[in-house]
Amino acid sequence: PMKLRICEAVSRLDVGSKITVQGWVRSVRLQKQNLFLHVNDGSCLQSLQVVASAALNQRLLTFGSAVAVSGCLVKSPSRGQEVELQATQIDVVGECNTVDFPFKIKERHDLEYIRQFPHLRCRTNTFSSLLRIRSQATTAIHSYFEEKGFIQVHTPVVTSNDCEGAGELFQVELAGQEKKSGQEEDQHFFSVPAYLTVSGQLHLECIAGAFPGVYSFGPTFRAENSQSRRHLAEFYMVEAEISFTQTLESIMKVMEDLFRSTTEHLLARCPDDVALFHKHVKPRHNINVDLMMKKRFNVITYTEAIDILNSSSQTFAFKPDWGFDLQTEHEKYLVKHCGNVPLFVTDYPYTLKPFYARDNLDLPLHTVSAVDLLVPGVGELCGGTLREERLELLKKRLELTGLDETYGWYLDLRQFGSVPHGGFGMGFERYLQCVLGVDNIKDVIPFPRYSRSCLL
Ligand code: 4AD
Ligand code: MG
């Protein structure tokens, strides 16, 4: 018999073929004459119904066991499926200790419960769907940039710079070795202190000095000391850098297009998986993906945002004030206020953004060309800026912050064929949270890392 994945078997219309499938038992039901199984192999949300003579039943054939089933694919008389497998042979490949198995037959376990079992939660329908969606979204993101002519760059995971200057660095050190006394440089494997990257932006900017558009998509690390629902210590970031651009709008356009084309791809390629999240994983907030896809994203300035917050009747835990970061509660309010679709907030105070942000030279306000994309249910999804390409202004800013020694190479970029450019970073897990309506970021990554937790 021909070996098929279950996604192939359930969509096969040429009934009568002899096939074998391998997978895990999602349900078992024994009647007097017949045995019914549902077998899932992760290739799609749907399980294949298997019908066999009760004589094929065996002690080890239980919920959760791994099986290989051979038989004939026939048209199914039951509703909800086109075909079923009339089994002539069922082999239990791996038994399941159902007493200790944390998942029970016919129960829908919630995300919080299954999170306790990071090594096993892929056996549930919900997490199986999440993993297919994550994989498809990754493909969609790469295709988007490929189609637009961007070059993918592998930026380093270990680096000696702190791009965001926020001091959320993890330092990389040799394990289990006493620090040798003596020369300072002997103490470090790389001669200098090295860290896990908080952003690949500065490396992308180097490469953008020779390409029109570049991007990266990889693991990013921040020592966030919070138990928040939208921060991880290790997350995936999509970063893009675009050369020869002078407007924030051109950066915003790439953000919006990336969001749309990725979401379109997901809705087309895994509608069942996305629907499972929307129907069964009750989100706290009302997500409306159709609305987000239909309407253009809104745009307001940071200054307008502060005005909106101050004229609202809602009381915030943190009073909104010009010159201070927008808090999550502010971001969520602004998104709702502006129609519950994604919202660009532009032109932040100079003091709020890192050294590389381009000065708008609009004293006395003094803002920079920076933009955050805020989305329903999550808040900040993307952050981007035009980069300061004017050597003198950049030099001054680096001197002010005492970084001019460290970033000599960065100043070099502004001396040898410098062009106006800009870019952004999108948190991949936050994107998934937004589109799926998942409250907690720990539920959209296979093995979440956060403060006080590094299971497995
Ligand atoms: O706004 P951020 O800090 O921007 C940068 O790092 C820029 N250097 C990017 C660039 O311009 N190339 O981070 C970008 C996005 C945030 O908007 C957020 O979605 C996500 O990364 N992010 C996190 N996601 C999960 N856990 C964390 N701890 C995150 N920190 C940032
Ligand atoms: Mg940010």
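User: What makes strands E12 and E17 count as a pair?

Analyst: E12 and E17 run antiparallel and are joined by 7 bridges. Pairing needs at least two bridges found by DSSP, so E12 and E17 with their 7 count as paired. In one of these positions, Glu239 has Gly425 of E17 as its bridge partner. Please keep in mind that this is a predicted model.

User: What makes E16 and E17 a pair?

Analyst: The reasoning uses the bridge count again. E16 and E17 are antiparallel with 5 bridges between them, and at least two are needed, so they pair. Leu386, for example, has Gly422 in E17 as its bridge partner.

User: Which sheet do these strands belong to, and what makes E7 and E13 its edge strands?

Analyst: The sheet is open, has 8 strands and mixed pairing, and follows the order E7-E11-E12-E17-E16-E15-E14-E13. E7 (151–152) and E13 (298–301) are its edges, as each pairs on one side only. The partner of E7 is E11 (residues 213–221), which runs parallel to E7 and is joined to it by 2 bridges. Since pairing takes at least two bridges, E7 and E11 meet the requirement, and therefore count as a pair. Within this pairing, Ile151 is matched with Val214 of E11.

User: Why is E17 said to be largely enclosed?

Analyst: Of the 7 residues in E17, 7 are buried, so the rest of the structure largely encloses this strand. A residue is called buried when 20 or more other C-beta atoms lie within 10 Å of its own. Both faces of E17 are covered. His421, Gly423, Gly425 and Gly427 are buried on one side, while Gly422, Phe424 and Met426 are buried on the other. The two lists fit a general pattern: in a regular strand, side chains alternate between the two faces of the sheet.

User: Why is helix H12 described as largely enclosed?

Analyst: H12 covers residues 428–436, and 9 of its 9 residues are buried, so the rest of the structure largely encloses it. Charged residues are on the buried list too: it includes Glu429 and Arg430, along with Phe428, Tyr431 and Leu432. After the helix comes Gly437, which has a positive phi near 75°.

User: What is the largest nonpolar core made of, and which residues have the most contacts inside it?

Analyst: This core has 72 residues, and Met255, Leu381, Met426 and Leu432 have the most contacts inside it. Helix H5 (residues 248–269) supplies the largest share, 8 residues. The name "core" fits because its members are buried nonpolar residues joined through C-beta atoms within 7 Å. A second, separate core has 22 residues, including Ile6, Trp24, Leu61 and Leu73. In general, nonpolar side chains tend to be buried together in soluble globular proteins.

User: Which residues does Leu381 touch?

Analyst: Leaving aside residues up to four places away in sequence, Leu381 touches Leu373, Leu374, Val375, Met426, Gly427, Arg430, Tyr431 and Cys434. Each counts as a contact because its C-beta atom lies within 7 Å of that of Leu381.

User: Which residues come nearest to ligand 1, and which elements line it?

Analyst: There are 22 residues around ligand 1, and Ser199, Gln201, Gly383, Gly425 and Gly427 come nearest. E12 (234–243), E16 (379–386), E17 (421–427) and H12 each give two or more residues to this shell. E16 gives the most, with 5 residues. By class, the shell has 7 nonpolar, 8 polar and 7 charged residues. Glycine counts as polar here, so Gly383, Gly425 and Gly427 belong to the polar class.

User: How does the span of helix H3 compare with the expected one?

Analyst: H3 (residues 125–147) has 23 residues and reaches 33 Å from its first C-alpha to its last, close to the 33 Å expected at 1.5 Å a residue. Its buried residues include Phe127, Leu130, Ile133, Ile141 and Phe145.

User: What makes E2 and E3 a hairpin, and what does E3 pair with next?

Analyst: E2 (residues 18–30) and E3 (residues 34–40) pair antiparallel over 6 bridges, and 3 residues lie between them in the hairpin. E3 is also joined to E4 (residues 48–53) by 6 bridges, again antiparallel. Val39 takes part in both pairings: it stands opposite Val25 of E2, and its bridge partner in E4 is Leu48.

Definitions and conventions. Residues are numbered from 1 along each chain as its sequence is written. Chains are lettered from A and ligands numbered from 1 in the order in which they are written. This is a predicted model: local features need pLDDT of at least 70, side-chain atom pairs count only at pLDDT 80 or more; totals for chains, interfaces and linings use all residues. A residue is buried if 20 or more other C-beta atoms lie within 10 Å of its own, exposed if 12 or fewer, and partly exposed in between; C-beta atoms are placed from the backbone. Helices (H or I, at least four residues) and strands (E, at least two) are DSSP runs, numbered from the N terminus. Two residues are in contact if their C-beta atoms, placed from the backbone, lie within 7 Å. A residue is near a molecule or strand if its C-beta atom, placed from the backbone, lies within 6 Å of it. The expected span of a helix is 1.5 Å times one less than its number of residues.
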